[in-house]
Amino acid sequence: MNFELTALPVADLSSDVEIIIVVDKDTKHRFVQDKKLLKKAGFEAGQDETCLLLEKNRLYVGAESLTSSSIRPAAASAIKALQGTQYRSIKVATYTNKGCTYTLRAMIEGFILGAYSFQTYKSKKKKNPVKHITVSLEEYSELEIDIEKASEAIHKAQITADATNFTRDIVNTTPDDCYPEVLAGIAEGMADDTGLVCNVLKPKELRKEKMETLLAVARASRHAPRVIHLTHKPKNPKCVVTLVGKGLTYDSGGLSLKPADFMVTMKADKSGGSAVIGVMKAIAEMDLPVEVHGFIGAVENMIGGDAYKPDDVLVAKNGKTIEVRNTDAEGRLVLADTLCYAQQEVKADYLFDLATLTGACVVGVGNYTSGVMSNSEELRSLVVKEAKNAGELATGLDFNRYLKKTLKSEVADICNISNTRYGGAITAGQFLSEFIDEDHADKWAHIDIAGPAFVEHAWGENPSGASGAGVRMMVKFIETLAEDESHQ
Ligand code: BES
Ligand code: ZN
Ligand code: ZN
């Protein structure tokens, strides 16, 4: 799908079909020129509601308000409504909220995100027919829009949405086709294409680095683990960001085997790591003046004679001992070592980890929302804010000293599960906090994306399956750092 920006008014453009977003249905606005027909068709301009007037070659779509979070899914819904048609080119006006181009960016993201569908394993592939979109600078409320700003908004939208779709493809790939070695290969290929540096640690190096907890989780798999390190290092960076991703290419639960119904979709347990790869791609393509490091712990959690066991005591890279009581709480073990390694390699101003860490987070906040945890309330609310600005749902969860105590072990320094069935998202986050060094204590936030990373139905601008959760929020966060004058 390619985009073209023009100063010509929409009426002067020749395209197969025009998309018209209706924000306020009672408007006398000239875009709503088909009021009678629309009424006849029963179109009420509800959020994401579409109406295709075939003979006019116009597609109407409703949006609740002129905000990014309404425009993005509306644009996605519009592009989806063209699935199966023969419309190849679209024209569309610019929609802004008082001239601010965020909504323009959201619309473009919506088109690209909405056009995505995962077809790799279908013998007959359905592709979205739309190839070309012409965006007119003609603005919804007749404001003058700066062409440079509009062009940048479109450019950034394309990079962000393409990176999100790239992540979706990785996550949707089956565990038999995407195991740690393959995931590392994908990261290397992406690095080659974008000019990033990629260093991959194999078992020999992992042993040398004393990443014994990660190696223990990986032991029963026929696929050896990898730790992937991607680097974006611009000249004179404003600050340094480290991203760490959980890359469980499959989570069977290990010997604490998951029940059959819970095992399905566990190919998506690599969503955090895949999001990190997507973010790195976008940051490289935008060439942001921030140094960004991405670390991915890529492991498969399986069963077998060689499997690590409940009752084992593991020694993490930072020397802390961990009593294993449940091999299905493997993500935190992989992250513990990967976080230690990341902090050893890079002294960062911001340290984030992204992980499909707990079912408890999904129970607590629902399928569509990520849980954000941090020792710093300020950093936590900043992440939540940028997530929302980027079109992702996120909410803060509080650590507390009472839940921390539930991780106590009689035989080791800490236990890999809590002794209570409640508050599982938070106890997992507090487990990770044990592997954050003093220097990074207030610079770290943990983002549990277990809910939104993979949902088996379409929602908003997201398809059924992988959503690419975490990509847009992190890209936005880093973009904000790049723009911030106080970081010099
Ligand atoms: N990968 C799962 C968490 C998960 C569950 C992600 C559902 C996405 C959807 C994780 O490794 C896990 O199994 N966690 C356990 C922890 C428990 C054993 C303390 C869980 O959430 O049940
Ligand atoms: Zn698990
Ligand atoms: Zn897992």
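How many residue pairs are in polar contact across the interface of domain 1 and domain 2? In this predicted model, the rule finds 8 such pairs, both residues of each being at pLDDT 80 or more. The elements behind the domain 1 side of this interface can be named: α2 (68–81) and α3 (102–114) each give two or more residues to the side that touches domain 2. Of these, α3 provides the largest share, with 6 residues. By class, that side of domain 1 comprises 8 nonpolar, 4 charged and 1 polar residues.

The division underlying this description assigns residues 2–145 to domain 1 and residues 162–487 to domain 2. Their C-alpha centres are 35 Å apart. Domain 1 brings 13 residues to the contact, and domain 2 brings 21.

The extent of the interface may also be expressed as area. The size of an interface is often given as the accessible area lost when the parts come together. Between domain 1 and domain 2, about 1400 Å² is buried, and carbon and sulfur atoms give 53% of this area. On the domain 1 side, the residues that lose the most area to domain 2 are Leu113, Tyr116 and Tyr121, which together account for 43% of what that side buries.

Charged interactions complete the picture. Across the interface of the two domains, the rule finds 1 salt bridge. Arg105 forms a salt bridge with Glu479, and their closest N and O atoms are 2.7 Å apart.

How values were computed: Residues numbered from 1 in each chain as written. Chains lettered and ligands numbered in written order. Predicted model: local features only at pLDDT ≥ 70, side-chain atom pairs only at ≥ 80, totals over all residues. Heavy atoms only, no water. Domains from an automatic or database assignment. Contact = heavy atoms within 4.5 Å. Buried area = accessible area lost by both parts, 1.4 Å probe. Salt bridge = Lys/Arg side-chain N within 4 Å of Asp/Glu carboxyl O. Polar contact = N/O pair within 3.5 Å; in protein donor to acceptor, adjacent residues only side chain to side chain. Helix = DSSP H or I, 4+ residues; strand = E, 2+ residues; numbered from the N terminus. Nonpolar A, V, L, I, M, F, W, Y, C, P; charged D, E, K, R; others polar.
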